[in-house]
Protein chains: 4
Amino acid sequence: MQPPATPIRVTVWNEFRHEKTKEAARAVYPDGIHVALARHLSAQDGLAVRTATLDEPDHGLPDAVLEATDVIIWWGHVAHGEVRDDIVEKLHARILGGMGFIGLHSAHFSKIFRRLMGSSCDLKWRVADEREVLWVTKPGHPILQGISDHFVIAQEEMYGEHFDIPEPDELLLISSFAGGEVFRSGCTWTRGAGRIFYFRPGHETYPVYYQSEVLRIITNAVRWAAPVHAPLQTYGKRAPVGWFE
Amino acid sequence: MQPPATPIRVTVWNEFRHEKTKEAARAVYPDGIHVALARHLSAQDGLAVRTATLDEPDHGLPDAVLEATDVIIWWGHVAHGEVRDDIVEKLHARILGGMGFIGLHSAHFSKIFRRLMGSSCDLKWRVADEREVLWVTKPGHPILQGISDHFVIAQEEMYGEHFDIPEPDELLLISSFAGGEVFRSGCTWTRGAGRIFYFRPGHETYPVYYQSEVLRIITNAVRWAAPVHAPLQTYGKRAPVGWFE
Amino acid sequence: MQPPATPIRVTVWNEFRHEKTKEAARAVYPDGIHVALARHLSAQDGLAVRTATLDEPDHGLPDAVLEATDVIIWWGHVAHGEVRDDIVEKLHARILGGMGFIGLHSAHFSKIFRRLMGSSCDLKWRVADEREVLWVTKPGHPILQGISDHFVIAQEEMYGEHFDIPEPDELLLISSFAGGEVFRSGCTWTRGAGRIFYFRPGHETYPVYYQSEVLRIITNAVRWAAPVHAPLQTYGKRAPVGWFE
Amino acid sequence: MQPPATPIRVTVWNEFRHEKTKEAARAVYPDGIHVALARHLSAQDGLAVRTATLDEPDHGLPDAVLEATDVIIWWGHVAHGEVRDDIVEKLHARILGGMGFIGLHSAHFSKIFRRLMGSSCDLKWRVADEREVLWVTKPGHPILQGISDHFVIAQEEMYGEHFDIPEPDELLLISSFAGGEVFRSGCTWTRGAGRIFYFRPGHETYPVYYQSEVLRIITNAVRWAAPVHAPLQTYGKRAPVGWFE
């Protein structure tokens, strides 16, 4: 790939509630998950990173920010219901128009992810300091650049199948948990011109977002999800291309 | 397949407005598209067919009907906006729980189909008495049982790509139109335990729903979309299957 | 589905070597894996079952048998290399023409499966009396009829990712193993008009093919893979359907 | 994407027979299709391009060339049978290991493409100076960067469905032809770590490989198919990651 003429503009969105109210979360992410991720991404070549959080005006996502975002990363958990529907609609339209979307961990239940998927996005879960092993199922995929055949997260929340999602376009990673469950932990889809990646790891009380493989995958995913420069599709009543004769 | 213990219960839903207000539609479907389809399906083995229309109470879909429906067929066009949101939510929940859904023609823009897809479902269109040729791209699929390598519809409305849908699980049919356009005319997806089929043909002023190939495909699709008898998935907080030792 | 006019004709093919030479295998399958499976399948409605083994003339698969087979089940392990190439070619042609193929366990390395897949079909493995848990990832699929959200096999050989297969059309089951690995244990593809199902369980020294869930899935898969009655596709030089005008 | 540390190494392989023996082909591609393509690709940033042809020793593909190729482009038609099987095996192994493969036009029937697909790769065809319209079905895909919603090739050979390929991972383009046929003209798959793109246009007697949209798509595809730098997968007998406890 050629270097883009301009950097990829990334917005890291975080609900940012646990880190203010729950000691175990603050201990791990004192400035919030968004800041931890933004620090890492800002140090990568060709990325221009900002953050946004739920309690800012317009959740930190006024039109000017949405228009200036190429890829949005989303983390939410206890306050999905507080995200304004009009902003979800704008997010949805931007994604169909080409903005990339990366949903992390409990973002599986966010309004925007469920809107994109069309299914319940429900799953099984358990918090038990459990070992997770993530296995590569699509070697050669750009999101897995630099990743070996598996990696281990020492302690994580369990998410288990059935994960009620549409069949992914591509299945990149499957996890096993010590309690016996499995999970499709890295999945891609497209909606309109927008590229979507769901990545499972990231419970708020574990230092998962400091682990090198996790950060590598998120960084790769940002580059993968960045929009392609092409004219938008046209719809509606159309003259023929030309009657075949 | 073994004969089901009980018949497949089919509900044919129609907006039923054009046939009341537009002479060209009434001429072709004097009792409505739903009645034309229901007549054909009722004559097939193992199907128990009812109809429902927009202007009936609860759009003809009270809870008792939804609960007693295995597969719903949907035709709508000018009044998508009049379909009540609470009924769309019930339809959506029933589909995730296993009810089959068959969307016909302009149902691409119905609330329920867009809710299932998560994309805009937009497309190009033109009404010009145009010849459509439908080509099989997945021979061996049960929905194509009895269908040759292609069939022709003498006059149809054109629908053209880009059709803004998620990548289908299976692509069964591609159409060409005299004006040069193409369209993915037979597509399947799953959402939850529900099986979904979109089938393009069916403009209200053409006798498409009397054509044998079209009726054969709809009948096959009803059998394909009928729910499988298996325990529903469980979600939420779960004890481990048993720690591995 | 309506009852077929004639039964589905199933051929259970087994290499049948371990059961003759390895005490641990003979103890579990004294008449061979093929006979154990055929006994179960023969007791199901609408199936006409025969067996075939490697050391019979033409591996038990002369043209007359291939022509009279709707679905073939395949088990092999130590003698993949002894299967004659001309018979592999005939199998391949029959599958493209619509015969269903169900590959069990170590059939992943059979000539015919690798020919259908186009990839190496390699994987990780270990024999350690290990617990396997199989999780449903596609509820509502006909092959999973009657199966709950998971089931356990008490002792099995481990197969682990990366399993080098093309992206499945449908992913039905994912396994976890006590040693931490995962595996895509139930996968479907199509090649030509033929429907293919790979199902992982079945090491020759464990009584896996007597377990009810395993037998249920194999039986469902036979019904799912049975060919659809439709004219075969035509290829080669063709006159136009008719120039569009 | 960041600029690669080293250029992408592209080998354009051509059978190179028509251009020597058929006046109509030589008139369009006097130095061969491979040279026409290589000239264009060599002018793009970050690509290092060589060519290879059938009648060179080892078809121009000795081990040293294969090892030094990141992406191979393949054009063949009348002499598929002359390609040596041992070289096909080496190509196959290299692709599973990560080399990208771009098959053009009649490469659908090449040994290597059929080996990768596992199906017959057959299709319908006709040479009649026919107009082809190619429609985008996956906006936002990197291979479609810079491409609008459709483009027209004034004169082409017709290829028609059913195209006997495995369900593509991604369907990027569908063509319509004046005679009424359609074709899946841009498709991707993966095999092992290798990324595969089939692109339909390119009959040897039409100046298709000078048309800007066609060249843009081939160039994009080279960048898309270039291998990802990650450790190769490991297979075979494995110790557990660690027993879960």
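This is a short tour of chain contacts, one covered helix and the relation between two copies in a predicted model.

**Stop 1: chains A and B.** Select both chains. Their contact takes 36 residues from chain A and 36 residues from chain B. Now colour the side of chain B that touches chain A by element. Four elements give two or more residues each: α6 (111–117), β5 (124–136), β8 (182–191) and β10 (236–237) of chain B. Next, colour that side by residue type. The split is 13 nonpolar, 12 polar and 11 charged.

**Stop 2: a pairing across the chains.** Select β5 of chain A, residues 124–136, together with β10(B). The two strands pair in the parallel sense, over 2 bridges. Then pick Lys124(A). Which residue stands opposite Lys124(A) in β10(B)? The partner is Gly236(B).

**Stop 3: a helix in chain C.** Move to α3, residues 33–42 of chain C. This helix is mostly covered, with 7 of its 10 residues buried. Show the side chains of Ile33(C), His34(C), Ala36(C), Leu37(C), Ala38(C), His40(C) and Leu41(C), the buried residues of α3(C). What covers them? Add β1 (8–14), α1 (18–21), β2 (47–53), β3 (71–75) and α7 (212–225) of chain C, which are included in the cover over the buried residues of α3(C).

**Stop 4: chains B and C.** Superpose chain B on chain C. A turn of 180° and a shift of 0.0 Å along the axis lay one on the other, with an RMSD of 0.0 Å. The two copies are therefore related as by a two-fold rotation axis. Finish with the contact residues of chain B: 100% of them recur in chain C, so the same surface serves both copies.

Note on methods. Residues numbered from 1 in each chain as written. Chains lettered and ligands numbered in written order. Predicted model: local features only at pLDDT ≥ 70, side-chain atom pairs only at ≥ 80, totals over all residues. Contact = placed C-beta atoms within 7 Å. Nonpolar A, V, L, I, M, F, W, Y, C, P; charged D, E, K, R; others polar. Pairing = 2+ DSSP bridges. Buried ≥ 20, exposed ≤ 12 C-beta atoms within 10 Å, placed from the backbone. Least-squares fit on C-alpha atoms with pLDDT ≥ 70 in both.
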